[in-house]
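Q: Please take a close look at the salt bridges in this model. Which side chains pair, and how exposed are they?

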Amino acid sequence: MKTHILLILCFVVIGCKPKDPLQQATHYLIDYEYILDREALVGTMGHLVVLNPGPRVANLNVTAFFEDREPARFNLKAAPGASTESNFENWPVQPGARFALRVESSEPVVCQATVGWTNTGNNYKPDAPTRSPRGIREAAKSYMSLTTLAKHWYVADGIVINMPGQLWIRESEWALVLNPSDEPALMTMTLLDGTKPRDHGIEIPARRLRRVFMDEIAPHNRHYGVRFSGNRPVAAQWLRAVYWHDSTEVMAFWSVPCVPLVESTR
């Protein structure tokens, strides 16, 4: 009985009731990269899919955050009772950019990102040309949006694989951190692999996306986890790419949002 009373007080007094994703007005999707190399015939096409289960049109104010320049803003609409798709071709982004999206919705919605990579320059026709000796191919990734910012984030499944002569694959990883605020964010990435924890400091400029190449930081061929801690609320995501050991051509890739530790406030 005492436990139940304490839980009720926790929910009511300090506001630690779990958040309903459908009640979140702001969504962060922070792993987009627009590639279109017409000579190498390598390309990506990214999509934003918004499910609006309600009866009213959702007005979406979208901000694209880049690594090296100020954000760009544009507007979309999500039809009621439907999933609405939009993509790179209709956004203010150019090939060669890595970027993140912040989606602010007038209605409760669910947001999902999908990115497809091809070695046919985004040509999906049966007779599409390719310069790959392995033939035409696509790799794709899809992930749900983050609906909060936090000062602390975690990822469990970290591993950089590079074993020439022993494995026919190699795997690289990146940490992605979005700082949408108007002040720089200072973060410490702590690598946890069962030995002495190792810290790596990073700074994310105001209104920027920061990408960190983990192959230069993490131990190779060993599982590890990461704790992100910082002075400012940010969004964090984890990206891994798989290659043939003797090629720079992508075999597969995936992307997962990190897990936030949200501090309760009175």
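A: The salt bridges are taken in turn below.

This is a predicted model, in which local features need pLDDT of at least 70 and side-chain atom pairs count only at pLDDT 80 or more, while totals for chains, interfaces and linings use all residues. Residues are numbered from 1 along each chain as its sequence is written, and side-chain values use heavy atoms, with hydrogens and water left out.

A salt bridge here is a side-chain nitrogen of Lys or Arg within 4 Å of a carboxyl oxygen of Asp or Glu. By this rule there are 17 salt bridges.

One of them joins Arg56 to Glu107, with an N to O distance of 2.9 Å. Arg56 sits in the loop between strand 3 (42-52) and strand 4 (58-66), and Glu107 in the loop between strand 7 (97-105) and strand 8 (110-118), 51 residues apart. Strands are DSSP runs (E, at least two residues), numbered from the N terminus. Glu107 is buried, at 14% relative accessible area; buried means under 20%, exposed over 50%, and partly exposed in between (1.4 Å probe, protein chains only).

Asp157 pairs with Arg240, their closest N and O atoms being 3.2 Å apart. Because Asp157 lies in strand 10 (residues 150-158) and Arg240 in strand 16 (residues 224-244), this pair ties together parts 83 residues apart in sequence. Asp157 is partly exposed at 40%, whereas Arg240 is buried at 6%.

Asp68 and Arg69 also form a salt bridge, at 3.1 Å from N to O. Here Asp68 is exposed, with 59% relative accessibility, and Arg69 is partly exposed, with 34%.

Finally, salt bridges link Asp31, Glu33, Arg98 and Lys141 in a network.

Definitions and conventions
Helices (H or I, at least four residues) and strands (E, at least two) are DSSP runs, numbered from the N terminus.
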